[in-house]
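Here are my notes for you, point by point. Have the structure open while you read.

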Amino acid sequence: MNNAIVDVRNVSITIDTFQGPLRVIRNQDISLQPGEILGIVGESGCGKSVLVNSLMGLLPYGKTKIKADTFMIDGNDCLEFTEDDWNELRGTTVAMVFQDPMTSLNPIMTIGEQMYEVIHRTNAYGEDYDERAIAIDLLKKMGLSTPERRLSQYPHELSGGMRQRVCIAMAVAGRPKILICDEPTTALDITTEAQILRLMQTLAVEAGIGIIFISHNLRVIAQICDRVMVMYAGKCVESATVEGIFNEPRHPYTLGLLLALPQGKWHGELKAVEGQPPDLFDLPRGCAFNPRCKWAMRICGNRIPMVTNVGEGHQFTCWLAKLEGL
Ligand SMILES: Nc1ncnc2c1ncn2[C@@H]1O[C@H](COP(=O)(O)OP(=O)(O)O)[C@@H](O)[C@H]1O
Ligand SMILES: [Mg+2]
């Protein structure tokens, strides 16, 4: 497993806030292989963005404490990275696509100007290159029609889906090995979403880019990911292949998310997971999910469950495993 381009073990992330230090991520592992698409799913506020932002050095500087046993990105130990070190990695080794393409693009620069800037910055094209040809080629690969014309347009002249394609083109301009997509299709209509998802798959298969894809929507995750991490209150409660998660969910929270889907093996009467995710400042004792879990036992409110392995690469963190004798 050691050609992993992300190999992070036992990471905990604490951010200083007005209310004091907030431990957002607790003892989490995350790994990624070249060409793999890893999905991260979980309700809003569970720490998905904080976890992936840590892989790009994008957490509030001076206010964030990261502890980990291993924190390797493409062979670099990033735990002691300075801002300059991160700057070198960003855009070239790791790149990111955000939820809202309008806020990622500069409204007063043309698409061309913004793309050329990225192309220059990445140093991915040697000494002598034609920025315009590279930009056109990137936009074409992203499936944008008449890319030549797009270069002289401003972001507001494009549709939401086109803008997101431009953002992905800019993210891959530096030929990154890792592409982090933080809810990239949440702001898009469903047809455009499907096109962007196909594009992601192409990038993983053809360019061998490892992709971390965040969504609160399991349906989206199911379409493109190889492996899934289900997060709850700053911790992964279950991780497995897509098939493992969808066919043999083990954690009650995963099952709750599946039951809330409108279609599929598990759909019932379209139930939401009842209750609210906990306040990270005031986590319940024991398993963080226990107040919302209909199978909760006494031990669940007292002790944090351990990780149980079931089959290859399938892990979950729940006391029910003990009942099953696992
Ligand atoms: N820069 C920050 N300063 C203080 N708290 C933050 C910051 N970023 C995130 N948090 C807190 O961390 C928790 C997880 O946030 P986030 O990772 O954005 O969740 P998700 O992406 O899963 O919706 C939230 O409680 C949020 O308020
Ligand atoms: Mg987020």
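1. Some vocabulary to begin with: helices (H or I, at least four residues) and strands (E, at least two) are DSSP runs, numbered from the N terminus. This is a predicted model, where local features need pLDDT of at least 70, side-chain atom pairs count only at pLDDT 80 or more, and totals for chains, interfaces and linings use all residues. Residues are numbered from 1 along each chain as its sequence is written, and side-chain values use heavy atoms, with hydrogens and water left out.

2. Let's start with N87, which sits in helix α2 (residues 83–89). Is N87 buried or exposed? Neither quite fits: N87 counts as partly exposed because its relative accessibility is 34%, and the scale calls a residue buried under 20% relative accessible area, exposed over 50% and partly exposed in between (1.4 Å probe, protein chains only). The N87 side chain also makes a polar contact with the side chain of R90, at 3.0 Å. (A polar contact is a pair of N or O atoms within 3.5 Å; within protein, one must be able to donate a hydrogen and the other to accept it, and residues adjacent in sequence count only if both atoms are side-chain atoms.)

3. Next, have a look at helix α5 (residues 131–141). Its buried residues are I134, A135, I136, L138 and L139. What do the buried residues of α5 pack against? They pack against α4, α6 (147–150) and α7, with contact meaning heavy atoms within 4.5 Å.

4. Check both sides of α5 too. D130 caps the N-terminal end, with a side-chain oxygen 3.1 Å from the backbone nitrogen of R132. Just after α5, G143 takes a positive phi of about 80 degrees.

5. Now the linings of the pockets. For the largest pocket, the residues divide into nine nonpolar, nine polar and seven charged. For the second largest pocket, the classes come to 13 nonpolar, six polar and three charged residues. Here Ala, Val, Leu, Ile, Met, Phe, Trp, Tyr, Cys and Pro count as nonpolar, Asp, Glu, Lys and Arg as charged, and the others, Gly among them, as polar.

6. Which elements build the second lining? Those giving two or more residues to the lining of the second largest pocket are β7 (94–97), α4 (111–122) and α7 (160–172). The largest share, five residues, comes from α4.

Note on methods:
Chains are lettered from A and ligands numbered from 1 in the order in which they are written.
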